[in-house]
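Thanks, everyone; I would like to spend a few minutes on the surroundings of the ligands and then on the sheet. Please keep the structure open while I talk.

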Amino acid sequence: MLSVASLGDWLGLLATATFASAQVSGNAAKGLAFGSVIAVRLLPALVLGPLAGVMADRWDRRYTMVICDLLRFVLFATIPTVALYTSDPKISVGWAAVATFIIEAITLIWIPAKDAAVPNLIPRARLEAANQLTLITTYGITPVLAAAVLAALNQFYQWLEKSGVIVAAWAAPSSLALYFLAFSRLATAVVVFFGIREISLSGHNGGGGKGDSMLRQFVDGWRFIGQTRMVRGLVLGILGAFAAGGVVIGTGQFFAFSLGGGDATFAILFAAIFIGLGLGIALGPRLIGGLSRRRWFCLSIMLAGASVALLALVPHLSLAVVGALLVGSGAGMAFLSGTTLLGGEVGDEVRGRVFAVVQTGTRVVLMLAIAVSSVLAGGGGSRDVGSTGVPISFTRVLLGVAGVLGVLAGFWALRQMDDKPGVPLLPDLISSMRGRPLGMAEVSPRTGVFIVFEGGEGAGKSTQIGLLAQRLRDDGREVVVTREPGATEVGARIRKMVLETHTTTSGPVGATALAPRAEALLYAADRAHHVSTVVRPALRRGDIVVSDRYVDSSLAYQGAGRTLPVDEVSWLSAWATGGLKPDLVVLLDVDPKVGLARVDRRGEADRLERESLDFHERVRQGFLDLAAAEPARYLVLDGTRDPAQLAAEIAARVARLLPPVTPGGEPHDGVPGADPARDGERQGPAGRVPAPGEPPATTGSPAELRAGRG
Ligand SMILES: Nc1ncnc2c1ncn2[C@@H]1O[C@H](COP(=O)(O)OP(=O)(O)OP(=O)(O)O)[C@@H](O)[C@H]1O
Ligand SMILES: Cc1cn([C@H]2C[C@H](O)[C@@H](COP(=O)(O)O)O2)c(=O)[nH]c1=O
C-alpha cells in the first residue's frame, strides 16, 4: 500500500493535475481537467494490479524483482540516451512518455513482490520499526535528498555555463538524474540477486497451489480477502481512508478558494498533510505505546476521517492547516499500522495478492474519489441555506460527507478486526499511551452479585460479613463467603508468605525481606487464583459472593501505604482479575488507632498490622479517596458505630442489588446485576471448581475462615 506512490509520484501527479486545470477557465472545466489527469495517470493500475499479485505469489519473488529492476534500468537509461541521438523533440519526448508508462507498469509488478517478501526477511517484532524506517526514507529523506541533489546540480550547471564551460548534453542535470535512477535500479537488482537469496527461499511458494491457473489463483486471492474478517476490515479500512483522502485532493483547490486563498494556500495545505503524514509515521508508535495494532489502525482511520470533517467547518487557513496536519497524521499512522498488519498477519502464500489488491484498490478508489469530487466541487459552487443568506459551499459539504464516511470506515473496520472485544476503546488508548494497555476482559455470562468489604485493620469487616451472610441465607439465598488473601490452598500459602512476621519490607534486603513490588505481586497472584477458581464460578452459578477484601486493599495498602504508583497496582489487579469489579464495596472506616487496638486484643500482630501508624493512616486515606472517586459503587460507614445498626444499613443497601425472593424461598432468575452491558468488567473465564484438597469456594462463616489465618 505504502509503495503505491512515492512522494515524487504524488508531487508529479498533483503538479500535472494542477497544471491541466490552470490551462482552462471556469470552475467546472477546471474540475474536469484536474480529475481527468488524475484518472489517466492512475489507469494502468487497474489493468496490471490484479495480475501483479498473482505473479508475486506464483513466481519466485527474487527473480521477479531482479527482472523488473533490470528492465527499469534499461528503460530509465534509454530516456536521456535517445535524446542524445535525435534532435527531434517529438521522438525524445514521445519515447520519454512511452518509457515512463512501461516503467510505471513494471513498478506495479515489482511492488507486490517486494512487499510480500519483506515480512519473510524481518522478525515480526521488528516489522513495524522496519516499515517505519522504509516509510520515513520513502516519504521524508529520499525526496528531500533528491530535490536537494537536483537543485545543487542545476546550480552547478548554471555556474559552469556562466563560466563559459561547455557541458556535454549527457551531463545535463535532468539526464544525470535519470542515469542515476537507472543505476540505482541496477544496483538494487544486483543486491537482491546476490545479497538477499532468502527472498527465493520463502517467497517462491506457488501461491497456495502451484498447479492452479492464474485465474484460479486470482479468484482465490479475492475469496481470501472476502472471507477473512481481519483482512476484510484492513482492506476496506484502507480503501475508506483513501476515498476520504481522494476527496480532500479533489476538492483541495476549491477549498483553498473558499478560504480566500489560491494556489499558494493549496500548496500550504498539501505540505501540511505531508508533514502530518511524516509525524504520524515517525511518532505514532511511540505515542500509542502498546495499543493493539488493529485498534491503532482503526483509530487512525477515524482520526483522519474526523479531521477531514473538521476541515469542512474551519473558516481560516490557520485552522485548516491544523486539520490538514491531523488528516496527515491519521493517514500516516494508518499507513504504518496497516502495512505492518498486512505483512505480519497475512500468510506468505497469499500475501502478494492481498498487497496487489490493496495497491490496485487504493489507486482505483483514489482515482474515482478525486475525479468525482473535483468534478462535483467544480460544478457545485455554493448555495444559500434556505432563505437565511448563509452560503454553504458544495466543496465543504463534500468534505463533511467524506469525513463522516472515513470515520464510519474506521468503526466498521474495528467491528471486523477488533482483537480486544469488551475492552473499552478510549480507556485502552489512554492506558496504552501511559504505557500500560488494558488487559483482555474475560467475558462469560454471569448472574450472581459480588459484594466486597474493605477497611483498615480491625474495622469490623469479618463481623459484618458474618451478619450479612446469615441474613441472606435466612432469606434462602446461596452465599459464598470468601476473602483475600488466603481463600484457596494456593492463597493460604501466599497469605503465610505475606503476613508472617519474620518477613519484613523495612529491613535490609535479604532472605526475609519482602520488597514492596514482590508483596504487590503476591497479593495479585492470590487474587488471580481466587477470582478464577472461587469468585467467577460462584458468580456464574448465580450465587452472592461476599469477599473480605479485594482490589481496593492492594490500592490502599500497596499503593497508598507502600507508596507504589497506584495506577500500576491498579493495572496489575485489573490484569489479575480480568477486569472483574464488585457490584458494591462496603467500606468500614475507623481511625487506625481504634482498629489496631481492637486487633491487639486478638493476639500477636501480623506483619502488616505491625506497620507504623503513618502507614495505616495512609491506608485509611487511600480507601476514602477510592470511595470518593466512585460514590455510586461504595457504601462508606463509620466502623465505630453499633454493629447491629451497621448490619441493618448494609442489608438495606445490599437488598437493592438483589432480586426479590419468591414465596417458595427461591430467588428469581436474573439478578439485577446480570446486566450484559456490564459483562466486560464483570465476567470471567471458564473457571473451574476448586480442586480437591483446596478449601472450597467457602460457604463457611468468617470465624471458620479466620481459623485459617496464617
Ligand atoms: N462496630 C464495632 N464496634 C466495636 N467493636 C467491633 C465492631 N465490629 C467489630 N468489632 C470488634 O473488633 C475486632 C475486630 O473485628 P473484625 O475481626 O470483624 O475486624 P476485621 O476488619 O475483620 O479485622 P482484620 O481485617 O484485621 O481481620 C473484633 O474483636 C470485633 O468483635
Ligand atoms: C488483599 C490485601 C490485603 N492486604 C493486607 C491487609 C491486611 O493487613 C492483610 C490481610 O489480613 P486480614 O486480617 O485478612 O484482613 O493483608 C494487603 O496489603 N493487600 C491486599 O491486596
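The element that gives the most to the shell around ligand 1 is α16, with 3 residues, and I should say at once that we are looking at a predicted model. That shell holds 14 residues, of which Gly460, Lys461, Ser462, Thr463 and Arg598 come nearest to the ligand. Besides α16, which spans 461-474, the elements giving two or more residues are α21, at 592-600, and α23, at 643-655. Sorted by class, the shell around ligand 1 has 7 polar residues, 4 nonpolar and 3 charged.

Turning to ligand 2, helix α19, residues 551-561, gives the most to the shell there, with 4 residues. The residues around ligand 2 include Glu457, Arg483, Glu484, Tyr523 and Arg549, and also Ser553, Ser554, Tyr557 and Gln558. By class, this second shell divides into 4 charged, 4 nonpolar and 3 polar residues.

Now to the sheet, which is open and has 5 strands, paired in parallel in the order β4-β5-β3-β6-β7. Its edge strands, each pairing on one side only, are β4, at 479-483, and β7, at 634-638, and from one strand to the next the twist averages 20°. If we look at β6, residues 584-589, we find that it runs parallel to β7 and is joined to it by 5 bridges, with Leu587 standing opposite Val636 in β7.

And here α16 comes back, for this helix packs on the sheet, where it touches β3, β4, β5 and β6, and its direction makes about 170° with that of β5.

Definitions and conventions:
Residues are numbered from 1 along each chain as its sequence is written. Chains are lettered from A and ligands numbered from 1 in the order in which they are written. This is a predicted model: local features need pLDDT of at least 70, side-chain atom pairs count only at pLDDT 80 or more; totals for chains, interfaces and linings use all residues. A residue is near a molecule or strand if its C-beta atom, placed from the backbone, lies within 6 Å of it. Ala, Val, Leu, Ile, Met, Phe, Trp, Tyr, Cys and Pro count as nonpolar, Asp, Glu, Lys and Arg as charged, and the others, Gly among them, as polar. Two strands pair if DSSP finds at least two bridges between them. Axes are lines fitted to C-alpha atoms, for helices over the stretch in contact, and angles run from 0 to 180 degrees between N-to-C directions. Two residues are in contact if their C-beta atoms, placed from the backbone, lie within 7 Å.
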